Amino acid sequence: MSLHPSNETLNLSYCFSINRPPFSVNHTIASAYYSGVFCVLGLSSNLFAFIVLVKSFKETHSRSRSSFLIFLGGLVITDFMGLLVTGAIVVSFHITGFKWMEIDPYCHFCNFMGMSMVFYGLCPLLLGATMAVERFVGITCPFARSTNKSKSRVYTMVGSVWVTAGCISLLPSLGLGSYHLQMPGSWCFLNISSFPLDMAFCLVFSLVGLISLAVSFILNTVSVVTLLRVCCRQFSAQRRRDYEVEMMVQLILIMVIASICWCPLLVFITQTVLSASKPFITELLRYIRFATWNQILDPWVYILFRRSVLKRVFTGMDWSRGSSLYRSSATSMHRLTRASIAPPESPTVQIDEPQRKDILLSKHRNSSPS
């Protein structure tokens, strides 16, 4: 029995049936230098962000902040592993120049990379939507969140996101869609075509990503508006809002980066399969690079937009507990509490503290014996 795959076996390898090597694509964006720089920059950024997150997690005592840091940790781990797995394959191809049809005649390796591309692509988008839901509940229903949320449940939510993305990436194994070698021969991805099964899988991938971005945008907008109302109205909440503002700023930036990086690819896939046109390789490579920037920029959101860094940048702001903003909030809450305990006689008339003293003094004089 021959150890080398026969020509018949290679012809039956579906992952090479559309884009069959060797390829003659010579584009700067597909060069080994480009791939190597992206991989090294992304891995180092995520590793640094993970170290900072672990340090912050050990120092924090806030339950909401701990939950948010767990989500950020899951996002950093996902981005790091995505760059490590896919980047190692692409860089190895450029260094060794291995031939896919010889080392992977049955498409197992190509399917693994295709599943990795889909899995590590959807995870950041789904995690961003989950974080938006968590912050939305934390800001709009703080008491319900504090009683129902625990660290174990947050871990479960992160694990559920990974399972969901994993199930979607396994759909080609069940016959829905397929993974194919893509030009210039260094990576595998879903087959962007108008064939019914391939089109269905492409739409599932793109619509899940777009819906996740839409959910993040809607919930984050509502959360920001609610947080601004709570912070700016007369009777502010008594608990400090600085950490919540910090988390919302980070979440908004994560959403903006994900939208800029992923929307071009997701819209391109949807338009291509619906119009039954053949995708242009240069556009596909460009949009894939845009999506890769998401994994590189995500960790820098937390590295640069932490409260400790913002304190150094905005030195004119008073971030201490005894700041005027915090004192005014506490005073307002104190007055609100006293008013609820001893309400004025007329519920339709607001009486401040000096007026109440004058009323009580006049009643005392009127009730004294003449």
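Start by selecting cysteine 110 and cysteine 188: the two form a disulfide, with 2.1 Å between their sulfur atoms. Bear in mind as you go that this is a predicted model. Look along the S-S bond and you will find a torsion of -115°, which makes the link of cysteine 110 and cysteine 188 left-handed. Now colour by secondary structure. Cysteine 110 sits in helix α5 and cysteine 188 in strand β2 (residues 187-190), so the bridge ties together parts that lie 78 residues apart in sequence. Switch on a surface next. Cysteine 110 counts as buried because its relative accessibility is 0%, and cysteine 188 is buried too, at 0%.

How many disulfides does a search of the whole structure find? The count is 1, so select two further cysteines to see why they stay unpaired: the sulfur of cysteine 261 has its closest cysteine sulfur in cysteine 263, 9.7 Å away, which is too far for a bond. A disulfide needs the two sulfur atoms within 2.5 Å. Cysteine 263 is likewise in no disulfide, its nearest cysteine sulfur being that of cysteine 261. Is each of these two buried or partly exposed? Cysteine 261 counts as buried, at 6% relative accessibility, while cysteine 263 counts as partly exposed, at 26%.

Next stop: the core. Select Trp100, Val118, Trp187, Phe189, Leu190 and Phe205, which touch the most other members of the largest nonpolar core, a set of 72 residues. Then highlight helix α5 (residues 108-140), which supplies the largest share of this core with 13 residues. As background, nonpolar side chains in soluble globular proteins tend to be buried together.

Keep phenylalanine 205 selected and show its surroundings. Which residues does phenylalanine 205 contact once its neighbours within four places in sequence are set aside? They are Val118, Leu122, Phe189, Leu190, Trp262, Leu266 and Ile269.

To finish, move to helix α2 by selecting residues 32-59. Put a distance marker on the first and last C-alpha of this 28-residue helix: the span is 41 Å, close to the 40 Å expected at 1.5 Å a residue. Within α2, pick out the buried residues, among them Phe38, Cys39, Leu43, Val52 and Leu53. The buried set also includes Ser35, Gly42, Ser45, Asn46, Ala49 and Ser56. Add two more helices to the view, α3 (63-96) and α10 (281-304), and you have the partners that the buried residues of α2 pack against.

Note on methods
Residues numbered from 1 in each chain as written. Predicted model: local features only at pLDDT ≥ 70, side-chain atom pairs only at ≥ 80, totals over all residues. Heavy atoms only, no water. Helix = DSSP H or I, 4+ residues; strand = E, 2+ residues; numbered from the N terminus. Expected span 1.5 Å × (residues − 1). Buried < 20%, exposed > 50% of the residue type's maximum accessible area, 1.4 Å probe, protein only. Contact = heavy atoms within 4.5 Å. Core = buried A, V, L, I, M, F, W, Y, C linked by side-chain atoms within 4.5 Å.
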